[in-house]
Amino acid sequence: MQTDYSELLLKTIAQIAPGTELREGLERILRGRTGALIVLGSDRTVTGLSSGGFTIDTEFSATRLRELAKMDGAIICDRDATRLLMAAVQLMPDATIDTNESGTRHRTAERMAIQTGFPVISVSASMSVISVYVDGTRYTVEDTQYLMARANQAIQTLESYKKRLNKVLSTLSALEIESHVTLSDVAITLQRMEMVRRIISEVSHYVLELGVNGRLVALQLEELRSPDMAGIDVILHDYLPRPTAQSISIATRALRDLTDMDIVDLTMIAQAAGFGDYELDTPCSRAATACLTASPLFRTQLPNASLNGSALCRRSWPHP
(Lines give C-alpha, C1' and ligand atoms only; values in the text may rest on other atoms or scores of the structure.)
Protein backbone atom coordinates (compact mmCIF):
# COMPACT_ATOMS: atom_id res chain seq x y z
CA MET A 1 0.00 0.00 0.00
CA GLN A 2 1.28 3.45 -0.92
CA THR A 3 1.65 5.64 2.13
CA ASP A 4 3.87 8.50 0.96
CA TYR A 5 0.97 10.78 0.07
CA SER A 6 1.24 14.56 0.02
CA GLU A 7 -0.16 16.59 2.88
CA LEU A 8 -2.92 17.96 0.64
CA LEU A 9 -4.00 14.48 -0.43
CA LEU A 10 -4.03 13.26 3.18
CA LYS A 11 -6.23 16.21 4.13
CA THR A 12 -8.56 15.42 1.24
CA ILE A 13 -8.75 11.74 2.22
CA ALA A 14 -9.79 12.81 5.72
CA GLN A 15 -12.49 15.03 4.18
CA ILE A 16 -14.05 12.15 2.25
CA ALA A 17 -13.69 9.51 4.97
CA PRO A 18 -16.83 7.76 6.28
CA GLY A 19 -18.72 9.91 8.75
CA THR A 20 -18.16 13.20 6.92
CA GLU A 21 -20.88 15.16 5.16
CA LEU A 22 -18.94 15.06 1.90
CA ARG A 23 -18.62 11.27 2.00
CA GLU A 24 -22.34 10.94 2.66
CA GLY A 25 -23.03 13.06 -0.40
CA LEU A 26 -20.68 10.97 -2.54
CA GLU A 27 -22.35 7.76 -1.34
CA ARG A 28 -25.74 9.18 -2.31
CA ILE A 29 -24.42 9.99 -5.78
CA LEU A 30 -23.09 6.44 -6.14
CA ARG A 31 -26.42 4.94 -5.14
CA GLY A 32 -28.19 7.23 -7.61
CA ARG A 33 -25.77 6.22 -10.40
CA THR A 34 -25.59 9.74 -11.79
CA GLY A 35 -21.86 10.45 -11.56
CA ALA A 36 -20.33 13.79 -10.58
CA LEU A 37 -17.37 16.12 -11.00
CA ILE A 38 -16.56 18.17 -7.90
CA VAL A 39 -13.84 20.80 -7.48
CA LEU A 40 -12.78 21.46 -3.88
CA GLY A 41 -11.67 25.06 -4.07
CA SER A 42 -12.22 28.21 -6.07
CA ASP A 43 -10.01 31.08 -7.18
CA ARG A 44 -9.32 33.12 -10.30
CA THR A 45 -7.76 30.14 -12.05
CA VAL A 46 -10.83 27.98 -11.48
CA THR A 47 -13.08 30.82 -12.59
CA GLY A 48 -11.02 31.29 -15.75
CA LEU A 49 -11.37 27.61 -16.62
CA SER A 50 -15.13 27.57 -15.98
CA SER A 51 -17.94 28.35 -18.35
CA GLY A 52 -21.69 28.57 -17.82
CA GLY A 53 -23.39 27.21 -14.76
CA PHE A 54 -24.93 29.29 -12.01
CA THR A 55 -23.93 30.60 -8.61
CA ILE A 56 -25.66 29.21 -5.54
CA ASP A 57 -23.26 29.99 -2.65
CA THR A 58 -25.18 28.02 -0.06
CA GLU A 59 -24.31 25.82 2.88
CA PHE A 60 -23.01 22.39 1.97
CA SER A 61 -25.12 19.32 2.67
CA ALA A 62 -25.11 15.75 1.39
CA THR A 63 -28.65 15.99 0.01
CA ARG A 64 -27.92 19.22 -1.86
CA LEU A 65 -24.79 17.73 -3.38
CA ARG A 66 -26.80 14.73 -4.55
CA GLU A 67 -29.48 16.89 -6.17
CA LEU A 68 -26.96 19.15 -7.92
CA ALA A 69 -25.16 16.09 -9.29
CA LYS A 70 -28.28 15.21 -11.28
CA MET A 71 -27.52 18.13 -13.60
CA ASP A 72 -24.84 18.12 -16.28
CA GLY A 73 -21.63 19.93 -15.45
CA ALA A 74 -19.32 20.21 -12.48
CA ILE A 75 -19.96 21.36 -8.92
CA ILE A 76 -17.58 23.83 -7.31
CA CYS A 77 -17.26 23.94 -3.50
CA ASP A 78 -15.01 25.90 -1.19
CA ARG A 79 -11.77 24.23 -0.08
CA ASP A 80 -13.20 22.87 3.18
CA ALA A 81 -16.40 21.64 1.52
CA THR A 82 -18.57 23.75 3.80
CA ARG A 83 -20.29 25.72 1.01
CA LEU A 84 -21.60 24.92 -2.44
CA LEU A 85 -20.48 27.77 -4.69
CA MET A 86 -21.51 26.87 -8.26
CA ALA A 87 -23.24 24.07 -10.15
CA ALA A 88 -23.74 22.91 -13.74
CA VAL A 89 -20.34 24.38 -14.65
CA GLN A 90 -18.47 23.38 -17.79
CA LEU A 91 -14.77 22.95 -17.01
CA MET A 92 -12.24 23.69 -19.73
CA PRO A 93 -8.72 22.82 -18.53
CA ASP A 94 -5.68 22.90 -20.79
CA ALA A 95 -6.07 19.99 -23.21
CA THR A 96 -2.30 19.74 -23.69
CA ILE A 97 -1.78 18.51 -20.11
CA ASP A 98 -0.81 14.83 -20.24
CA THR A 99 -3.24 12.37 -18.69
CA ASN A 100 -3.48 8.59 -18.61
CA GLU A 101 -7.24 8.65 -18.13
CA SER A 102 -9.60 7.65 -20.92
CA GLY A 103 -13.03 8.84 -19.76
CA THR A 104 -13.99 12.46 -20.37
CA ARG A 105 -14.92 13.12 -16.73
CA HIS A 106 -11.69 11.62 -15.38
CA ARG A 107 -9.49 13.38 -17.94
CA THR A 108 -11.08 16.70 -17.04
CA ALA A 109 -10.70 16.00 -13.32
CA GLU A 110 -7.00 15.17 -13.56
CA ARG A 111 -6.21 18.18 -15.73
CA MET A 112 -8.16 20.54 -13.49
CA ALA A 113 -6.34 19.24 -10.41
CA ILE A 114 -2.95 19.72 -12.06
CA GLN A 115 -3.73 23.17 -13.46
CA THR A 116 -5.48 24.65 -10.42
CA GLY A 117 -3.77 22.85 -7.53
CA PHE A 118 -7.15 22.07 -5.96
CA PRO A 119 -8.41 18.53 -5.29
CA VAL A 120 -10.96 17.32 -7.83
CA ILE A 121 -13.33 14.42 -7.19
CA SER A 122 -14.71 12.31 -10.01
CA VAL A 123 -17.58 9.89 -9.42
CA SER A 124 -18.01 7.32 -12.18
CA ALA A 125 -21.64 6.48 -12.90
CA SER A 126 -20.86 3.29 -14.83
CA MET A 127 -18.12 1.89 -12.57
CA SER A 128 -19.48 3.21 -9.24
CA VAL A 129 -15.98 4.39 -8.31
CA ILE A 130 -14.91 7.55 -6.49
CA SER A 131 -11.57 8.94 -7.64
CA VAL A 132 -9.70 11.89 -6.16
CA TYR A 133 -7.04 13.80 -8.09
CA VAL A 134 -4.47 15.77 -6.10
CA ASP A 135 -0.93 16.87 -6.98
CA GLY A 136 -0.87 14.68 -10.08
CA THR A 137 -1.86 11.62 -8.04
CA ARG A 138 -5.03 9.59 -8.46
CA TYR A 139 -6.48 8.13 -5.29
CA THR A 140 -9.34 5.65 -5.52
CA VAL A 141 -11.73 5.41 -2.59
CA GLU A 142 -11.97 1.79 -1.48
CA ASP A 143 -14.98 0.01 -0.04
CA THR A 144 -15.18 0.26 3.75
CA GLN A 145 -15.45 -3.50 4.28
CA TYR A 146 -12.38 -4.07 2.13
CA LEU A 147 -10.42 -1.44 4.06
CA MET A 148 -11.51 -2.93 7.38
CA ALA A 149 -10.32 -6.38 6.32
CA ARG A 150 -6.96 -4.97 5.23
CA ALA A 151 -6.63 -2.97 8.43
CA ASN A 152 -7.29 -6.01 10.62
CA GLN A 153 -4.75 -8.00 8.62
CA ALA A 154 -2.20 -5.20 9.06
CA ILE A 155 -2.85 -5.12 12.82
CA GLN A 156 -2.13 -8.85 13.03
CA THR A 157 1.06 -8.35 11.05
CA LEU A 158 2.09 -5.53 13.37
CA GLU A 159 1.60 -7.75 16.40
CA SER A 160 3.86 -10.37 14.84
CA TYR A 161 6.48 -7.79 13.88
CA LYS A 162 6.49 -6.30 17.38
CA LYS A 163 7.08 -9.69 18.98
CA ARG A 164 9.97 -10.33 16.62
CA LEU A 165 11.42 -6.87 17.27
CA ASN A 166 11.28 -7.38 21.04
CA LYS A 167 13.21 -10.63 20.66
CA VAL A 168 15.80 -8.92 18.46
CA LEU A 169 16.25 -6.10 20.98
CA SER A 170 16.63 -8.59 23.83
CA THR A 171 19.26 -10.47 21.86
CA LEU A 172 21.11 -7.24 21.08
CA SER A 173 21.12 -6.27 24.77
CA ALA A 174 22.55 -9.66 25.73
CA LEU A 175 25.25 -9.40 23.07
CA GLU A 176 26.14 -5.90 24.25
CA ILE A 177 26.83 -7.16 27.75
CA GLU A 178 29.22 -9.76 26.34
CA SER A 179 30.67 -7.30 23.78
CA HIS A 180 29.83 -9.72 20.98
CA VAL A 181 27.74 -7.41 18.78
CA THR A 182 28.43 -7.57 15.04
CA LEU A 183 27.25 -5.40 12.18
CA SER A 184 24.80 -8.15 11.28
CA ASP A 185 23.11 -7.82 14.68
CA VAL A 186 22.81 -4.06 14.24
CA ALA A 187 21.46 -4.46 10.70
CA ILE A 188 18.85 -6.97 11.86
CA THR A 189 17.72 -4.56 14.57
CA LEU A 190 17.45 -1.68 12.10
CA GLN A 191 15.60 -3.94 9.68
CA ARG A 192 12.98 -4.93 12.25
CA MET A 193 12.55 -1.35 13.44
CA GLU A 194 12.00 -0.11 9.91
CA MET A 195 9.52 -2.91 9.17
CA VAL A 196 7.54 -2.02 12.29
CA ARG A 197 7.61 1.67 11.32
CA ARG A 198 6.26 0.87 7.87
CA ILE A 199 3.40 -1.29 9.08
CA ILE A 200 2.47 1.36 11.67
CA SER A 201 2.39 3.93 8.87
CA GLU A 202 0.18 1.64 6.80
CA VAL A 203 -2.27 1.05 9.64
CA SER A 204 -2.38 4.80 10.31
CA HIS A 205 -3.46 5.35 6.71
CA TYR A 206 -6.20 2.77 7.08
CA VAL A 207 -7.42 4.58 10.18
CA LEU A 208 -7.51 7.83 8.19
CA GLU A 209 -9.40 6.23 5.31
CA LEU A 210 -11.90 4.47 7.57
CA GLY A 211 -12.93 7.65 9.36
CA VAL A 212 -15.49 6.92 12.08
CA ASN A 213 -15.34 3.23 11.19
CA GLY A 214 -11.68 3.05 12.15
CA ARG A 215 -12.00 3.81 15.86
CA LEU A 216 -11.38 0.23 17.01
CA VAL A 217 -8.41 -0.10 14.68
CA ALA A 218 -7.04 3.17 16.05
CA LEU A 219 -7.34 1.86 19.61
CA GLN A 220 -5.52 -1.34 18.66
CA LEU A 221 -2.79 0.68 16.98
CA GLU A 222 -2.26 2.84 20.05
CA GLU A 223 -2.08 -0.29 22.17
CA LEU A 224 0.68 -1.70 19.97
CA ARG A 225 2.74 1.48 19.87
CA SER A 226 5.64 1.50 22.33
CA PRO A 227 6.54 5.05 23.35
CA ASP A 228 9.37 3.76 25.54
CA MET A 229 10.98 1.69 22.79
CA ALA A 230 14.19 2.97 21.24
CA GLY A 231 13.97 4.34 17.72
CA ILE A 232 16.17 3.88 14.69
CA ASP A 233 18.02 7.11 15.47
CA VAL A 234 19.03 5.73 18.87
CA ILE A 235 20.56 2.59 17.37
CA LEU A 236 22.37 4.67 14.76
CA HIS A 237 23.70 7.01 17.44
CA ASP A 238 25.01 4.05 19.39
CA TYR A 239 26.71 2.19 16.56
CA LEU A 240 27.69 4.55 13.75
CA PRO A 241 31.48 5.09 13.83
CA ARG A 242 31.21 8.89 14.11
CA PRO A 243 27.54 9.75 14.61
CA THR A 244 26.33 13.29 14.04
CA ALA A 245 22.83 14.71 13.84
CA GLN A 246 23.24 15.09 10.09
CA SER A 247 24.59 11.59 9.48
CA ILE A 248 21.82 10.05 11.58
CA SER A 249 19.18 12.04 9.68
CA ILE A 250 20.64 10.98 6.33
CA ALA A 251 20.79 7.33 7.39
CA THR A 252 17.22 7.41 8.68
CA ARG A 253 15.94 8.80 5.38
CA ALA A 254 17.99 6.27 3.43
CA LEU A 255 16.45 3.40 5.40
CA ARG A 256 12.97 4.76 4.74
CA ASP A 257 13.73 4.99 1.02
CA LEU A 258 14.67 1.31 0.76
CA THR A 259 12.24 -0.73 -1.32
CA ASP A 260 10.38 -3.71 0.08
CA MET A 261 12.87 -5.92 -1.76
CA ASP A 262 15.91 -4.10 -0.37
CA ILE A 263 14.69 -4.13 3.23
CA VAL A 264 15.23 -7.90 3.45
CA ASP A 265 18.89 -7.54 2.41
CA LEU A 266 21.06 -6.90 5.48
CA THR A 267 23.95 -5.69 3.33
CA MET A 268 21.72 -3.05 1.73
CA ILE A 269 20.52 -1.99 5.18
CA ALA A 270 24.08 -1.64 6.48
CA GLN A 271 25.09 0.45 3.47
CA ALA A 272 22.00 2.66 3.71
CA ALA A 273 22.64 3.19 7.43
CA GLY A 274 26.10 4.55 6.68
CA PHE A 275 28.33 1.60 7.56
CA GLY A 276 29.92 1.59 4.12
CA ASP A 277 31.37 -1.67 2.81
CA TYR A 278 32.05 -3.28 6.19
CA GLU A 279 31.40 -7.03 6.31
CA LEU A 280 28.36 -8.14 8.29
CA ASP A 281 30.57 -10.08 10.72
CA THR A 282 32.50 -6.93 11.65
CA PRO A 283 32.46 -6.40 15.44
CA CYS A 284 30.58 -3.31 16.62
CA SER A 285 30.87 -1.42 19.88
CA ARG A 286 28.55 1.12 21.42
CA ALA A 287 30.26 4.46 21.83
CA ALA A 288 27.39 5.67 24.00
CA THR A 289 27.86 2.80 26.45
CA ALA A 290 31.60 3.31 26.66
CA CYS A 291 31.23 7.02 27.33
CA LEU A 292 28.49 6.52 29.88
CA THR A 293 30.26 3.86 31.91
CA ALA A 294 33.45 5.91 31.91
CA SER A 295 31.65 8.89 33.39
CA PRO A 296 32.40 9.60 37.09
CA LEU A 297 28.79 10.74 37.48
CA PHE A 298 27.60 7.33 36.31
CA ARG A 299 29.85 5.49 38.76
CA THR A 300 28.88 7.83 41.61
CA GLN A 301 25.13 7.75 41.16
CA LEU A 302 24.78 4.14 40.01
CA PRO A 303 27.66 2.26 41.64
CA ASN A 304 25.88 -1.10 41.61
CA ALA A 305 24.11 -0.76 38.27
CA SER A 306 24.52 -3.55 35.80
CA LEU A 307 25.24 -2.52 32.23
CA ASN A 308 22.05 -3.13 30.33
CA GLY A 309 22.56 -0.72 27.46
CA SER A 310 19.13 -0.98 25.91
CA ALA A 311 17.24 -0.33 29.12
CA LEU A 312 19.54 2.33 30.52
CA CYS A 313 21.00 4.39 27.70
CA ARG A 314 18.50 4.28 24.88
CA ARG A 315 15.55 5.56 26.82
CA SER A 316 17.45 8.77 27.48
CA TRP A 317 17.43 9.58 23.79
CA PRO A 318 14.45 11.20 22.04
CA HIS A 319 12.27 8.89 19.98
CA PRO A 320 11.14 9.62 16.42
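A residue counts as partly exposed when its relative accessible area lies between the 20% under which it is buried and the 50% over which it is exposed. By that rule glutamate 24, at 32%, is partly exposed. The model is predicted, and the points below cover its salt bridges and its nonpolar cores.

**Salt bridges in helix H2**
- The count of salt bridges comes to 11, and one of them joins arginine 28 to glutamate 24, with the closest N and O atoms 3.2 Å apart.
- These two residues of helix H2 are four residues apart, about one helical turn, and arginine 28, like its partner, is partly exposed, with a relative accessible area of 31%.
- Arginine 23 pairs with glutamate 27 at 2.8 Å between the closest N and O atoms; here arginine 23 is buried at 6%, whereas glutamate 27 is partly exposed at 25%.

**A salt bridge between distant parts of the sequence**
- Arginine 198 and aspartate 260 meet in a salt bridge of 3.1 Å, N to O; because arginine 198 lies in helix H7 and aspartate 260 in the loop between H10 and H11, the pair ties together parts that are 62 residues apart in sequence.
- Arginine 198 is buried at 18%, while aspartate 260 is exposed at 61%, and both belong to a network of salt bridges with Glu194 and Arg197.

**Nonpolar cores**
- The largest nonpolar core holds 42 residues, and Leu190 is among the members that touch the most others.
- Helix H7 supplies the largest share of this core, 13 residues.
- Apart from this core lies another, of 27 residues, including Leu40 and Phe60.

Note on methods. Residues numbered from 1 in each chain as written. Predicted model: local features only at pLDDT ≥ 70, side-chain atom pairs only at ≥ 80, totals over all residues. Heavy atoms only, no water. Core = buried A, V, L, I, M, F, W, Y, C linked by side-chain atoms within 4.5 Å. Buried < 20%, exposed > 50% of the residue type's maximum accessible area, 1.4 Å probe, protein only. Salt bridge = Lys/Arg side-chain N within 4 Å of Asp/Glu carboxyl O.
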